[in-house]
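Colleague: I should like to understand the terms applied to this model. Please explain each one as we proceed.

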Number of protein chains: 2
Amino acid sequence: MSKDIKIEAITDMETDFAQWYTDVVKKAELIDYSPVRGCMVLRPYGYAIWELIQKELDSKFKESGHENVYMPLFIPESLLQKEKDHVEGFAPECAVVTIGGQEPLNERLIVRPTSETLFCDHYANIIESYRDLPKLYNQWCSVVRWEKNTRPFLRTMEFLWQEGHTAHETAEEAEAETLKILDIYSNFYENILAIPVIKGRKTEREKFAGAKSTYTVESMMHDKKALQGGTSHNFGDGFAKTFGIQFTDKNNKLQYAHQTSWGVSTRMIGGIIMVHGDNNGLVLPPNIAPIQLIVVPIAMHKEGVLDKAKEIKERLSFIARVSIDESDKSPGWKFSEAEMKGIPLRLEIGPKDIEKGQCVLVRRDNREKYTIQLSSLENEVSALLIKIQKDLFAKAKKHLDSNIRPATSIQEFESILNEETCFIKTMWCGDGACELEIKEKTSATSRCMPFEQEELGDVCVCCGKPANKMVIWGKAY
Amino acid sequence: MSKDIKIEAITDMETDFAQWYTDVVKKAELIDYSPVRGCMVLRPYGYAIWELIQKELDSKFKESGHENVYMPLFIPESLLQKEKDHVEGFAPECAVVTIGGQEPLNERLIVRPTSETLFCDHYANIIESYRDLPKLYNQWCSVVRWEKNTRPFLRTMEFLWQEGHTAHETAEEAEAETLKILDIYSNFYENILAIPVIKGRKTEREKFAGAKSTYTVESMMHDKKALQGGTSHNFGDGFAKTFGIQFTDKNNKLQYAHQTSWGVSTRMIGGIIMVHGDNNGLVLPPNIAPIQLIVVPIAMHKEGVLDKAKEIKERLSFIARVSIDESDKSPGWKFSEAEMKGIPLRLEIGPKDIEKGQCVLVRRDNREKYTIQLSSLENEVSALLIKIQKDLFAKAKKHLDSNIRPATSIQEFESILNEETCFIKTMWCGDGACELEIKEKTSATSRCMPFEQEELGDVCVCCGKPANKMVIWGKAY
């Protein structure tokens, strides 16, 4: 890998979106491929994005009363098998440890694909009374799912995520928790990642293995395909009955706990890339950018330039995450690299600027240039970072809103998707057979039944029978 | 598990230290046992201590230029086998994945016991020139080692840790890095965990599998056994030669990189328990206590008491991590629980205190009580927290210093250890055969060759041949 590779052009996104994506993740130094099939190395720049995601979400979870714990990496096979639907959902994707300490194991251990069963086992141990509820636990960890076709961030054999698992006294409380978390997710997507989402409920076919209901936030990528952004599941008391999670209520009666689980993963980074990126590389919303502004000194070896650049960096570090590129590369090379890495603002300062008491700011998202008096630098930078964040969201929102097409028949549905990839909204009768038929004919899956329903008609797009649910469909990552 | 279990007495530490330890980890709600042999559930209170450890160390690593990354959980068997000494050290302890996606694997995957091989593979990919050096990477993750006998925190099949891996241009830089990290560890132990350490170098027998030299911080538990606190390894260019990590230097000549690795783990929490704990449970140094002060309202249902208690909690939350126990349990129960959990300060406030404008503060470590005017509360609490931290360190330091005995013959060595467990310091010739003989005769192992050497004599404690190294020996966890 040559040091110059980053300024070589990346594949044009209109020519080959998949190759563009692969070029960006590699050349922005987010990841490296690893010697393990389907597993990636998260490099410092990629991991720094994940750390910002963690910091923001973790504080929201804690503000709403959640506590972090850590469960084992392994699940005994018999424990995973306790809940029928759950094991059916995950068994095909498991990595299995059969040897430990050079001896074959009596019981095989599954590398956790998700930790419902471990949390349930623990809850059965520690919950006795209504006084012990609610339990609002979360863990940050990695999970393993044996995927055949993998792509960095979007589908990897191992990925980093958070998984929340809660237990409550009543069905109402569990449902409220499920929706509260969905709000945390959608606010995070919209305000921090600048990615608009559609909030809704998954159909029976698409819900989580073992859940009573699954809620989701769905987003649209630049290529108009869908990415499931995060899910929040209400288990009712199904898992509690299987695992014996009981408590004595205020009337001294034995009751089953009601549970939820919810998670988001490093997949979000794939979403950031595919929503905001362009043909010069990554474009990061300021709120999630490890470096929000990079100072590039021009004619760096002229007297006073580097000192001034460092002074500016110091000043701005009180209001933003700032870096300086002092390497011996050319300014052009530095600009390209800063663009590839999606740094929201570039600050150029050279001898002439210093003479005039000014500098140049360049926005990554639209390349607009501003000549700024150094005296008002803090105000201008703060305002621009806020503006970039807002503009990125507005652009993505327009993209989403203008690419959802209604369809009233399966023929119309197919012909729209034959012309272009987009989201389709239709009425649906609620029958899984219709859902399957649509998937087979169009390869679009139901993304969700949005909370914001519209009355597009009163019959199912597929079978023509009475229908009162609107569904959003799309081809998905 | 009854709600009252926590106020039942725990085993006396003088009667059965191991059982006392087990009681404390369970009843202070640090961990729960899991359905996987040798793996534990880190409960919210235990994980909160780990989060404080992470926050503090992570900031020190970042201040000194280190960046976080994430490497895969799995290591292909062939990659682990590349470095001969390394694989010999870890092969007996491996958990092995042989099945993925319901198919037997072509190549078995080892669940990482440590990640040197993955970092080396990655470094070989990304290092080309001296401009790419140093690489100062760290990762926070869990690792798996198939241990036969496990104890919570001290020796578990899976544990959480950080592992730093760095690559440098020169041998000198690698050595400086190894020692810089050892300083970060020893400062952390002494200033944050209030645990005094002996810094030194490991013998050939005790060094890390594949390292050129291993440095360590060693600490003494309450039972005078040793706990290895953290290690920092200099690999020289051995791994670089095996994995082909080469760079062109400033003279355009191809060179091998020099590497280090270093780590500390959740084992530190075992150290905190065994250094500071007492017969009432955990004792946490304020700097690592998730709750530094707990407010216990007395006669809580009398008018104004709970309001006042909450007001005090609010006031103090600007200077400390504060909690309030508003549960309907008795004050006595609350005192016991706060003691079991090792909360450094307890604040009692009842109707009479309020009348007099005062409250009572009780130190966890020595149970000293203070009547404090509410007007000066912030100053008193701040001062007491600092004092407790200092006193805990001083007490542990005295315990360490007064329990290291010199020995000049193997007979003396044995007879000291027959009387009491303690550390032994002796001269040593440097021969591994003597080290082995001492271990077999006394079950004490060489903890380290301390940086602060003393001249106890000029012959080896074991063979009587000339010796110029002083070694600290001890029975170890």
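Colleague: In which sense do E5(A) and strand E5 of chain B pair, and over how many bridges?

Modeller: E5(A) and strand E5 (residues 95-100) of chain B pair in the antiparallel sense over 5 bridges. Two strands pair if DSSP finds at least two bridges between them, and strands (E, at least two residues) and helices (H or I, at least four) are DSSP runs, numbered from the N terminus. Val97(A) stands opposite Val97(B). The model is predicted: local features need pLDDT of at least 70 and side-chain atom pairs 80 or more, while totals for chains, interfaces and linings use all residues. Residues are numbered from 1 along each chain as its sequence is written, and chains are lettered from A and ligands numbered from 1 in the order in which they are written.

Colleague: What makes the relation of chain A to chain B that of a two-fold axis?

Modeller: A rotation of 180 degrees with 0.0 Å of shift along its axis superposes chain A on chain B, with an RMSD of 0.0 Å; the fit is by least squares on the C-alpha atoms of residues with pLDDT of at least 70 in both. That is therefore the relation of a two-fold axis. In chain A, the C-alpha nearest the axis belongs to Val97(A), 2.1 Å from it.

Colleague: Why are Lys334(A) and Glu337(A) of helix H10 called buried?

Modeller: A residue is buried if 20 or more other C-beta atoms, placed from the backbone, lie within 10 Å of its own, exposed if 12 or fewer, and partly exposed in between. Lys334(A), Glu337(A), Ala338(A) and Glu339(A) are the buried residues of H10 (residues 331-340) of chain A.
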